[in-house]
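User: I'm new to this one and would like a careful walk through it. Could you show it to me to begin with?

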Amino acid sequence: MTTEQHDSSVYEQIRATDRFQELRRRYRSWAFPMTVAFLVWYLLYVVLSAFARDFMAIKVLGNINVALIFGLLQFVSTFYISWAYSRHSAAKLDPLADELRGEIEKADR
Amino acid sequence: MSHTTLATVLFLLFVIGTLAITFWASRQNKTAADYYAGGRAFSAAQNGLAIGGDYMSAASFLGIAGLIALYGYDGFLYSIGFLVAWLVALLLVAELMRNSGKYTMADVLAFRMSPRPVRTAAGVSTIVVSIFYLLAQMVGAGALVGLLLGITSDSGKALTIVGVGILMIVYVVVGGMKGTTWVQIVKAVLLMGGATLVTLLVLGKYGFNVSGLLGEAAAQSGKGAAFLEPNLRYATEAQGIWGKFDLISLGLALVLGTAGLPHILIRFYTVPTAKDARKSVLWGIGIIGTFYLLTLVLGFGAAAMVGSEAIRAENAAGNTAAPQLALAIGEAIFGDVGGTILLAIIAAVAFATILAVVAGLTLASSSSFAHDLYAHVFKRGNVTEKQEILVARVSAFVIGAVAIGLGILAQAQNVAFLVALAFAIAASGNLPAILYSLFWKRFNTAGAVASIYGGLVSALVLVIFSPVVSGRPTSLIKDMDFHWFPMENPGLFSIPIGFLCGYIATRMSKEYNESKYAEMEVRSLTGVGAEKASTH
């Protein structure tokens, strides 16, 4: 089904190399904890909306209350995490991934 | 000229323009990669706009604005869930999927499994999720036409739905992914333009004083400060503890559904590399996030300027709040003619929105039928590209017809609410299998099949026995009451069931393919062997 068939053992060898393990670690150690963090932060907002109406109703500025600010902060955190991830990928993931891919494809020919 | 004539003219211009693009695109459709993935040759910015186009459906534009206009703050919850959900797609799915798949969601799920059972399950779930989502869009089309063309008879609405259905079939059958993507791009630009225009006019009227606008909305709603707080629609006092769990269930479904939506997932295949897939999601998040901030103003603006009574009188579920606001703000600032023009513009944009999303959904489900079920399951891979694409085109017809039929049946529901059900089904049936496939070495065929069917069936069963279908005045079936599930959204139960079924079935089966997992991991992270863009 794949257009370029490799010996599966080739992939197992690459997977075992230190540099691939480093790439894997750099990806997972950033993406996994961050996923947990934004899900917790989001669920906190949802749970407060369901159970803590009085808190969410506190007015902060004019008619702008905690609920609205909390909601807008979810936008801010989403934009920030997206930006941070693109920075992280460009600096830590892409160079290593490109390097590994180059070598594998070269060895292939 | 009345607003109906003008809106019809504007909408026809959109239709003619997009049809021209579609036929132009069809002349460049040569291979299967062209038809399914637009030749993988779109830029990140183009695909980012198309992601926005695919995602900002009638639910986002009409549904959320309507919920905010009628229930105040609770509608905003949808915007937040729909947006935060993109982080799951960005961090965990987009790039890995682009690197290891080809045309459909099932390509990734079947990568290291026994292909036939997994493709069957993934194909079925793709089609079910897409049809639920299609249903919501069709309901939106029916609601709009009442306001737009003054058609209130059931047969008139039905005729509109048929018209929308035929157009979307043409886009998909003729244009494939390339034509459909361009339709999404044009639509995204129009929608952002229209929503920005109305937002600026509304804010301008209130002297850019957001607090003032909120105060006016609260006063007009007749509910006072409660209108700006959660729990007018969800988790109300009357609903008791299940109402609170229902809100959490909705929140979970929204945030976990996006990365399981087949028509969104296949967007990642339309760009040359995983890096472009990432960039296109970043573009998408920027566009979608901005749009949801605009809907906040649209919703509260409609509450302040149109009032919930006038909105309910037009459409009980609130689906017409945004176009009604356009009329009101246009009249307030530019007089009657201005109101007419603005209503016509917004109504035409809303129609374009529905049409584009519907085309994206039809493409996703017909692709899955042809590529997963027909080519790989029925024919075991013994088909030519030509035959496969012919089947894709024929199934687009069939799915279009099914969507038309269902859309005519379900007119009384809020569009955003119906879409939330599609999200719950996607989060339960698709997401567990996708995440396990990408990240869990031990995951196997039994686990994939169990998690898809387990999540899908539990979500569907809970919806069928929920108050959405029977037992309440707003239910689909009004004369009977066979509901026993207390919540409207099944996510809180069905999503964990999907994950659990996958886990247990995996542990119970000894089979797993270590070397294929190594291949998948290396390919997904480095991009080795990823499908290339076509060069013509």
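Analyst: What follows covers the contact between two chains, then one helix, then one loop residue. This is a predicted model, in which local features need pLDDT of at least 70 and side-chain atom pairs count only at pLDDT 80 or more, while totals for chains, interfaces and linings use all residues. Residues are numbered from 1 along each chain as its sequence is written, and chains are lettered from A in the order in which they are written.

User: How many residues does each chain bring to the contact?

Analyst: Chain A brings 50 residues and chain B brings 43, where contact means that C-beta atoms, placed from the backbone, lie within 7 Å.

User: Which element of chain A gives the most to that side?

Analyst: That is α4(A), with 18 residues; helices here are DSSP runs of H or I with at least four residues, numbered from the N terminus.

User: Switching to α19 of chain B, which of its residues are buried?

Analyst: Among them are B:G491, B:I495, B:G498 and B:C501, buried meaning that 20 or more other C-beta atoms lie within 10 Å of a residue's own, and exposed that 12 or fewer do.

User: Why do they line one face?

Analyst: Seen down the axis of α19(B), the buried residues fall within an arc of 160 degrees, so they line one face of the helix; the arc is taken from the directions from the helix axis to the C-beta atoms. The face turned away from the buried side carries the exposed residues B:R507 and B:M508.

User: And B:G207, buried or exposed?

Analyst: B:G207 is exposed, with 8 other C-beta atoms within 10 Å, and this residue is found in the loop between α8 and α9 of chain B.

Methods
Contact = placed C-beta atoms within 7 Å. Helix = DSSP H or I, 4+ residues; strand = E, 2+ residues; numbered from the N terminus.
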